[in-house]
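Dear colleague,

I am handing over the structure we spoke about, and I would be glad if you looked through it before reading my notes. What I found is set out underneath.

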Amino acid sequence: MRNVYFNHDGNVDDLVSLLLLLQMPDVNLLGVGVTDADGYVGPASSASRKIIDLFGHEDRKPVDVAKSNSRAVHQFPKEWRLSAFSFDDFPILNEHGPAKTPLADKPGHLDMIEKIQNADAPVTLVMTGPLTDLARALTIEPSIADKIDRLFWMGGAMNEQGNVAEPEQDGTMEWNAYWDPEAVKTVWDSSLAITVVSLDSTDQVPLTPELRARWATQRRYPALDLIGQGYSLVHSFEANSTYYLWDVLTTLVSRYPELVDSKPIKSDVIASGPAAGRTFITEQGRDVTFVTSVHADAFYDKIDELAQSATEK
Ligand code: AGV
Ligand code: CA
């Protein structure tokens, strides 16, 4: 079994990532933190608890869910954050009444410290939202770095093609980095081994009508039904806001690196000013493993395989 701690931020692909992580045969999920970023933290943590109730494994260690109290430097648009309320209201997650999986007693960053310190072996960290909780954890307790074997992070864009369209910024940064650029810098300055799943690779896995149809034909599997319902909440009618399988790719790469090609690069991040949150390649930067391309068919097959294996409790 390998130890994993998961910190997400409550959009549809974050919650689908949790669902799939729970199905990985040899993953020992130590804890889940929820950052108040791309989904309101109340419904996002509630939905997380119900996903664990319904699709977690009774024969594995019980897991709880920690709400983060970290605050945005640049908050996500409310329109995106709202999908967590709808997801949390899905009948499939509410058939059995209130959530049983407990809320952790500590806020996200302190829960992360506690779960990592108590782990019997190194921990893989998977983060599909801003890095704030990790940056705060490292600042309070730098020694946890020695127990983290690798961070897999969905975030950044290495080619100046960002996905933020907001005033007073230059469009070169990815949203999770933009939410708290300083936190990215803090993590980059740490000794952690990092794999970055940035827009450069997630751009290769857009949410297409074909993918929706593929899941629809498999709605006899409860997890695929939930995935299809979840993604029906997100549509991209505004310019420049196509939805991608950003976080699902990151989560699957943490366990199945053969789904992608990667290469070592040196990278840095700009922490303030109009380019705050921009990640880039530079000889002066720190080492990161950079995912360059996705074996898309194998990736979609793996989603199906994991979701088909999920049994409802
Ligand atoms: O920048 C990608 C990150 C991922 O972690 N999130 C969505 C994923 O959870 C922000 C985001 C960018 N574009 C979006 C986003 C959109 N159109 N809708 C919702 N979230
Ligand atoms: Ca996310």
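How far from an oxygen atom of ligand 1 does a polar side-chain atom of aspartate 247 lie? Please keep in mind that this is a predicted model; in it, the separation between that side-chain atom of aspartate 247 and the ligand oxygen is 2.6 Å. Taken alone, ligand 1 exposes 420 Å², and the protein buries 97% of that area.

Two further contacts belong to the same topic. In the side chain of aspartate 13, an N or O atom is 2.6 Å from an oxygen atom of ligand 1, while threonine 128 takes part through its backbone, where an N or O atom lies 3.0 Å from a ligand oxygen.

As for the surroundings, ligand 1 sits in the largest pocket, and there are 16 residues around the ligand, of which Asp13, Asp38, Asn163, Glu174 and Asp247 come nearest. Sorted by character, the residues of this shell divide into 6 nonpolar, 5 polar and 5 charged. Three helices each supply at least two residues of the shell, namely helix 1 (12–21), helix 8 (175–179) and helix 13 (246–255).

Finally, a word on helix 12, which covers residues 222–231 and is mostly covered itself, with 7 of its 10 residues buried. The buried residues in helix 12 are Ala223, Leu224, Asp225, Leu226, Ile227, Gly230 and Tyr231, and you may like to pick them out in the viewer.

With best wishes

Technical notes: Residues numbered from 1 in each chain as written. Chains lettered and ligands numbered in written order. Predicted model: local features only at pLDDT ≥ 70, side-chain atom pairs only at ≥ 80, totals over all residues. Heavy atoms only, no water. Buried < 20%, exposed > 50% of the residue type's maximum accessible area, 1.4 Å probe, protein only. Helix = DSSP H or I, 4+ residues; strand = E, 2+ residues; numbered from the N terminus. Near = heavy atom within 4 Å. Polar contact = N/O pair within 3.5 Å; in protein donor to acceptor, adjacent residues only side chain to side chain. Areas by Shrake-Rupley, 256 points an atom, 1.4 Å probe, with all protein chains shown as cover. 1 Å grid on protein atoms, 1.4 Å probe; cavity = no way out; pocket = protein on both sides within 12 Å on 5 of 7 lines; lining within 4 Å. Sits in = over half its atoms within 2 Å of the grid points. Nonpolar A, V, L, I, M, F, W, Y, C, P; charged D, E, K, R; others polar.
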